[in-house]
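Me: I should like to understand how the terms used for this structure are justified. Please set each value against its definition.

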Amino acid sequence: MSFGTRRGLYVAIEDERNDMLANSKAFSGFAVDDLDKAREFYGETLGLRTSVLDEENGLMSLHLAGDRDTIVYRKPDYTPATYTILNFPVDDVDEAVDALAARGVRFESYDGLEQDAKGIARGEGPYIAWFQDPAGNILSVLQER
């Protein structure tokens with residue numbers, strides 16, 4: 001679908017050329033430097049179901065709720081993402097932060113962002129707390145208001 005104008009109004013114009021991937025079940029992926037550490041962290045610490053797809057080439061899948069599998073791959077010249085790569089919506093952010101902290105997860109504190117002692121930002125938007133996986137990728141737990 002594309003957009004055009006008719007008498008100054010934007011109107012949707014059907015364009016068959018643009019629906020090529022409309023029904024594709026896309027998935028995302030991210031890199032880590034150590035697949036064994038990632039498997040332990042995502043599987044044991046976070047409690048996600050994981051599957052090693054190719055041990056030799058460093059490829060695994062995170063089986064997320066809602067059939068949202070995510071590929072995790074080992075990358076030799078890996079550099080951590082500087083943005084949040086994965087958000088976990090939760091019913092109670094305080095409960096999630098406490099449970100993860102009890103499993104050894106350390107929550108991040110960012111300059112210029114108002115966060116409480118647990119690392120939870122409670123400003124505008126969802127309540128959110130950020131943490132890192134062993135490779136340094138940034139993850140979050142968040143609670144919609």
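Me: What makes most of the lining of the second largest pocket count as nonpolar?

Reply: In this predicted model, the lining of that pocket has 10 nonpolar, 1 polar and 1 charged residues. Leu, Phe, Pro, Val and Ala count as nonpolar, and among the lining residues are Leu46, Phe88, Pro89, Val90 and Ala96. Arg counts as charged, so Arg103 in the lining belongs to that class. Helix α2 gives the largest share of this lining, 3 residues, and the pocket holds about 220 Å³ of space.

Me: Why is the contact between Arg39 and Asp36 called a salt bridge?

Reply: The closest N and O atoms are 2.7 Å apart. The cut-off is 4 Å between a side-chain nitrogen of Lys or Arg and a carboxyl oxygen of Asp or Glu, so the pair qualifies. Both residues lie in helix α1, 3 residues apart.

Me: How do you know that Arg39 also pairs with Glu55?

Reply: Their closest N and O atoms are 3.3 Å apart, which is within 4 Å, so this too is a salt bridge. Arg39 lies in helix α1 and Glu55 in the loop between β4 and β5, so the pair ties together parts 16 residues apart in sequence.

Me: Is Glu108 buried or exposed, and why?

Reply: Glu108 has 10% relative accessibility. Buried means under 20%, so Glu108 is buried. Its salt-bridge partner Arg106 has a relative accessible area of 60%; exposed means over 50%, so Arg106 is exposed.

Methods:
Residues numbered from 1 in each chain as written. Predicted model: local features only at pLDDT ≥ 70, side-chain atom pairs only at ≥ 80, totals over all residues. Heavy atoms only, no water. 1 Å grid on protein atoms, 1.4 Å probe; cavity = no way out; pocket = protein on both sides within 12 Å on 5 of 7 lines; lining within 4 Å. Points joined across faces, edges and corners; volume = space filled by probe spheres on them. Helix = DSSP H or I, 4+ residues; strand = E, 2+ residues; numbered from the N terminus. Buried < 20%, exposed > 50% of the residue type's maximum accessible area, 1.4 Å probe, protein only.
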